[in-house]
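Subject: Handover of a structure

Dear colleague,

Please find below the structure I would like to hand over to you. A short account of what was found in it follows.

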Amino acid sequence: MKLQGRPDIETLTGFKGRDDLVTSFYLDTDKSRQSRKEIQVTLKNLLTASRLQAEAMDASREKKESLIRDLDLIAAHVARGLDSLNSPGLALFSCSRRGFWLPLELPHGPRNRIIFDSTFYVRPLAAIVDRFSRVCAVLLSRREAKWYEVVMGEIKPLESLASDVPARVKDGGFEGTESKRIERHIEARLHDHFKKIAQTTFDLFKKHSYDWLLVGCEDNHHVDFESRLHTYLKDRLKGRMKSRVSDPPAKVLKEVLDIETELKKAEEEDTVRRLIAELERGGRAASGLRDTLHRLNQFEVQGLVVTHNFSKQGRICPTHQFLYVDELQCPVCQKKTEVLLDVIDEAIETALKRRCAVRQITPPSKLDRYGHIGAFLKYKA
């Protein structure tokens, strides 16, 4: 099934495998950049290396067997579906010992990897969800309107509407009072047309909970139509489109994705700017790996901000799951901490489990000067 967004991440972060190991699999299946044969070779190499890794692990026989079964399921799933797979990325999550299996088709090609751990590796999913928003695009003219949903890089028609609005009065066609009366009649019909479009748009937002609204129409209609939008929609209106009602969905999709990319970049820059402003005035913010992990351990984090693909080795308390940079013993329980290959991934998953906002920033950015990671805090220390 296709990645739906945050609900899928919450399913994975909420999975309780007790003391079991789980398998997270990511494969770049973008056939526009690589052949089917190249994808198969990558898959074979990943599986071979992971089987050797599983067999060499310091774990019980039952755990190792569960991981090997995970790999068998992954191999079989890709072999069956690769020819018909049209998405540029694939993610599979498995815990054979507990009967858990979740395949997800991704709208963006991920880095190829197989990871064994006590929890599922969801950082690439979080980055993809950050990259896309739920967008409603409405295209309108004097007589028509079409609505499209754009989610995770795909477009779907929603509604269409046609109104019998008369054409404009031609100059010299009528004279005096009669001309003005006809013009008022036409304007009234046009206003009713825009009112219907605004109401349908509001109903779609209530039903589907879109993040953004984009509007495409002739320049002279923008103000008249947008003035009829509900306040709720005005707050979500993010841009004006050049696409028109008669344009094919593929053209509409391309423009929506281009606008989305620009808006996401602006959002990232604004997030980093606000974080730095809080830091410089000694407000509710932290930066750098050590201080950010400390605040996360203290349940003070409201939102995590991290450079995309930034990684660092760290340590974790096996009892409290507290995260550290290099502490050999947990300061809370004095137990020996365990090595983490990537403490950043664990920090992201911890934040997501606590329903904290996580924003991954595309490098380079000003966040790099502050240790590549920071956090908005619930209160000032």
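The residue F299, just after helix α9, takes a positive phi of about 60 degrees. Please bear in mind throughout that this is a predicted model.

Helix α9 itself covers residues 289–297, and it packs against helix α10, residues 343–353. Two packed helices are described by the angle between their axes and the distance between the axes. For α9 and α10, the angle is about 35 degrees and the axes lie 11 Å apart. The crossing of α9 past α10 is left-handed. On the α9 side, L289, L293 and L296 make the contact, while α10 contributes V343, I344, A347 and T350. By character, six of these residues are nonpolar, one is polar and none is charged.

The three leucines of that contact also appear among the buried residues of α9, which are L289, T292, L293, R295, L296 and N297. Their cover includes α10 as well as the strands β10 (285–287), β11 (301–307), β13 (323–324) and β16 (373–377).

A second site concerns Q34, which is found in the loop that runs between β1 (22–28) and α2 (36–56). Is Q34 buried or exposed? Its relative accessible area is 15%, and because buried means under 20%, Q34 counts as buried. The Q34 side chain reaches the backbone oxygen of D28 at 2.8 Å. When neighbours within four places in sequence are left aside, Q34 is in contact with D28, T29 and I39.

With kind regards

Note on methods. Residues are numbered from 1 along each chain as its sequence is written. This is a predicted model: local features need pLDDT of at least 70, side-chain atom pairs count only at pLDDT 80 or more; totals for chains, interfaces and linings use all residues. Side-chain values use heavy atoms; hydrogens and water are left out. Helices (H or I, at least four residues) and strands (E, at least two) are DSSP runs, numbered from the N terminus. Buried means under 20% relative accessible area, exposed over 50%, partly exposed in between (1.4 Å probe, protein chains only). A polar contact is a pair of N or O atoms within 3.5 Å; within protein, one must be able to donate a hydrogen and the other to accept it, and residues adjacent in sequence count only if both atoms are side-chain atoms. Contact means heavy atoms within 4.5 Å. Axes are lines fitted to C-alpha atoms, for helices over the stretch in contact, and angles run from 0 to 180 degrees between N-to-C directions. A crossing is left-handed if the near helix is turned anticlockwise from the far one by less than a right angle, and right-handed if clockwise. Ala, Val, Leu, Ile, Met, Phe, Trp, Tyr, Cys and Pro count as nonpolar, Asp, Glu, Lys and Arg as charged, and the others, Gly among them, as polar.
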